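Trainee: I should be grateful for a close look at a single part of this model, namely the surroundings of the ligand. Please take me through them in one connected account.

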Amino acid sequence: MRKPVIAGNWKMFKTVGEAHDFWNTASSATIDASKVDAVICAPFLQLPALVEAAKGSSIHIGAQNMHQEKEGAFTGEISGDMLKDLGVTHVVIGHSERRQYFNETDETVNLKTKAALDLGLTPIVCVGESLEQREAGETESVVSKQVAEAFEGLTESEVEKTVVAYEPIWAIGTGKTATADDANQVCQAIRETILDLHGEEAASATRILYGGSVKPANIKELLGKDDIDGALVGGASLEADSFLQLVEAAQ
Ligand code: PEP
C-alpha cells in the first residue's frame with residue numbers, strides 16, 4: 001500500500017509575508033500524516049520561516065531545486081547539505097521549467113537525485129513529454145528514458161525512497177489536464193520501467209505522482225487510478241484552501 005503524496009510547488013511565487021498568510025490558514029487543518037504526505041515546495045528564501053512554522057505540524061517542507069555538490073565555487077547555488085541543515089525534507093529535481101530554462105539534463109537530474117538520497121532528502125524527480133513528443137507518439141519512450149537515466153546507479157532501496165512526478169509539459173500551468181486514463185497509462189509505463197531496471201519491490205513501492213493543472217475538481221478521479229499515487233501541484237497549491245482540499249481528497 002503506497003501512501004499518497006500531495007506536493008505543492010510554489011514556483012517563484014510568494015513573499016515571506018504571503019507564505020505566513022498561507023500558513024495561518026494551513027496550520028489549522030487536520031492532516032492525518034499516516035494517510036498522506038503533504039509537502040509544500042517553496043522558494044529558497046521562504047524555507048527558514050516555513051520550516052519553523054511547520055514544526056509540530058503534518059506538512060513537510062521541500063525545496064524546488066538543489067546543487068549536486070556539497071559545497072564549492074558555484075555562485076548563486078544552494079546545496080542539499082544546506083537544505084538538510086535547515087530541516088527541509090523534500091526536494092523537487094528536474095522540473096520541466098528547470099530543464100527548459102536552466103539547462104537541467106538527465107545527467108544532472110541523476111547527480112542531484114543521488115546527492116539528495118545520500119543526505120536523506122526525498123527527491124521528487126520530474127519527468128514528462130512535450131506536446132510535439134506526445135503528438136509523435138513518443139510519450140512512453142521519452143518518459144521511460146528520463147526515468148532510467150534519473151535512476152542510473154541507484155540501489156533498489158534508493159529507488160523506493162524516490163518519488164517520481166509525471167508531468168506532461170503541455171499540461172503544466174495551461175489548464176489542460178491529461179485524462180485520468182492517459183495519465184495512469186504513462187504512470188504505469190514508468191512503473192514498468194522501474195520493474196525492468198530495479199525489480200519488483202522498487203516498482204511496487206515507488207510513489208508516482210501526476211502533475212499538470214491538478215485542482216480540487218479533478219484530484220479524486222486521478223487518485224482513483226491504480227498507478228497514480230498523488231499529485232505535484234503548481235497553481236492550486238498557492239491558496240491554502242485549495243491545497244488543503246487536495247490533501248483532504250488524498251487521505
Ligand atoms: C507544477 O508546477 O509542477 C505544475 C504541475 O503546475 P500546475 O499545477 O499549475 O499545472
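**The ligand and its surroundings**

Mentor: The mean pLDDT of the protein chain is 96, and 100% of its residues reach 70 or more. This is a predicted model, and for the complex the predictor gives an ipTM of 0.97 and a pTM of 0.97.

Let us begin with the shell. There are 14 residues around the ligand, and those that come nearest are Lys-11, Glu-167, Gly-173, Ser-213 and Gly-234. By character, the shell divides into eight polar, four nonpolar and two charged residues.

Individual polar contacts may be considered next. Glu-167 places a polar side-chain atom 2.7 Å from an oxygen atom of the ligand. In the case of His-95, a polar side-chain atom lies 2.8 Å from an oxygen atom of the ligand. Ser-213 takes part through its backbone, where a polar atom is 2.8 Å from a ligand oxygen. As for coverage, the ligand taken alone exposes 290 Å², of which the protein buries 95%.

Two of these residues also appear in a database record: under "active site", an unreviewed UniProt entry lists His-95 and Glu-167. The pair spans 73 residues in sequence, yet their C-alpha atoms are no more than 8.5 Å apart, so they gather at one spot. Of the two, Glu-167 is included in the lining of the largest cavity. His-95, for its part, is located in the loop that runs between strand 4 (90–93) and helix 4 (96–101).

Definitions and conventions: Residues numbered from 1 in each chain as written. Predicted model: local features only at pLDDT ≥ 70, side-chain atom pairs only at ≥ 80, totals over all residues. Heavy atoms only, no water. Near = heavy atom within 4 Å. Polar contact = N/O pair within 3.5 Å; in protein donor to acceptor, adjacent residues only side chain to side chain. Areas by Shrake-Rupley, 256 points an atom, 1.4 Å probe, with all protein chains shown as cover. Nonpolar A, V, L, I, M, F, W, Y, C, P; charged D, E, K, R; others polar. pLDDT = per-residue confidence, 0-100. UniProt positions renumbered as here; feature names shortened; annotations may be inferred. 1 Å grid on protein atoms, 1.4 Å probe; cavity = no way out; pocket = protein on both sides within 12 Å on 5 of 7 lines; lining within 4 Å. Helix = DSSP H or I, 4+ residues; strand = E, 2+ residues; numbered from the N terminus.
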